[in-house]
Amino acid sequence: MTRFDGGQAVRWFDDFGVLRLVSVAAGNGTVREFPGLPSLAGGLALGMPADLIQGVMSHWASARELSRGPWIYASQTTVLTFEPSDGSLRSVDCPGAACLVRARITEGRLVRHENPTTFAECGWSGIRIVDDVATPIRRGA
Ligand SMILES: [Zn+2]
């Protein structure tokens with residue numbers, strides 16, 4: 001479910017990669033059911049407001065991202081740098097204890113690197129960094 005500041009709430013679920021709409025509650029409490037479980041495009045065709053469609057798409061993308069394995073929010077790290085060309089996250093200081101290597105991020109993951117304290121590969125190597133700084137995400141269900 002995605003809740004909006006205006007009081008609207010959209011119930012949906014991920015049907016093996018296809019978002020299916022269940023119902024939309026308006027800010028005044030009126031609920032519209034979608035017994036045919038249309039996709040987002042189907043909901044738009046049935047008159048669902050475009051701003052709600054957009055909000056659900058954003059929430060769905062965040063939920064899918066967070067289901068792809070171990071991760072940490074970029075906002076939970078320090079010394080973030082960004083690519084000047086497109087504003088994407090370039091590096092963070094590794095959150096590993098006594099590591100603090102400034103590690104690049106490639107394909108959304110911390111690059112493999114050695115922890116200078118242990119002289120072994122850092123346990124945080126490869127963890128996904130979910131960029132909630134350059135691209136704020138909607139939390140909650
Ligand atoms: Zn590290």
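## Zinc site and hairpin

S8 and S9 make a hairpin with 2 residues between them, and Glu107 in the turn has a positive phi of about 50°. Keep in mind that this is a predicted model.

Let's stay with the strands for a bit. S8 covers residues 102-106, and its side chains alternate: Ala103 and Ile105 point to one face and are buried, while Arg102, Arg104 and Thr106 point to the other face and are not buried. On one side of the pairing, S8 runs antiparallel to S9 (residues 109-110), joined by 2 bridges. Here Thr106 stands opposite Arg109 of S9. S8 also runs antiparallel to S7 (residues 89-93), this time with 3 bridges. Asp93 has Arg102 in S8 as its bridge partner.

Here is how the strand pairs look side by side:

| Pair | Bridges | Direction |
|---|---|---|
| S7 (residues 89-93) and S8 | 3 bridges | antiparallel |
| S8 and S9 (residues 109-110) | 2 bridges | antiparallel |

Now for the metal. Which protein atoms act as donors of the zinc ion? They are the SG atoms of Cys94, Cys99 and Cys122 plus NE2 of His113, lying 2.0 to 2.3 Å from the zinc ion. The site is tetrahedral, with angles of 105 to 114° among its 4 donor atoms. Along the sequence, the donor residues follow the spacing C-x4-C-x13-H-x8-C.

Are the donors His113 and Cys122 buried or exposed? His113 counts as buried because its relative accessible area is 10%, under the 20% cut-off. Cys122 is buried too, with a relative accessibility of 5%.

Conventions. Residues are numbered from 1 along each chain as its sequence is written. This is a predicted model: local features need pLDDT of at least 70, side-chain atom pairs count only at pLDDT 80 or more; totals for chains, interfaces and linings use all residues. Side-chain values use heavy atoms; hydrogens and water are left out. Donors are N, O and S atoms within 2.8 Å of the metal (3.2 Å for Na, K and Ca); water is not among the atoms, so sites may look incomplete. Four donors count as tetrahedral if all angles lie between 85 and 135 degrees; four count as square planar and six as octahedral if opposite donors are over 155 degrees apart and all others between 65 and 115; anything else is irregular. Buried means under 20% relative accessible area, exposed over 50%, partly exposed in between (1.4 Å probe, protein chains only). Helices (H or I, at least four residues) and strands (E, at least two) are DSSP runs, numbered from the N terminus. Two strands pair if DSSP finds at least two bridges between them.
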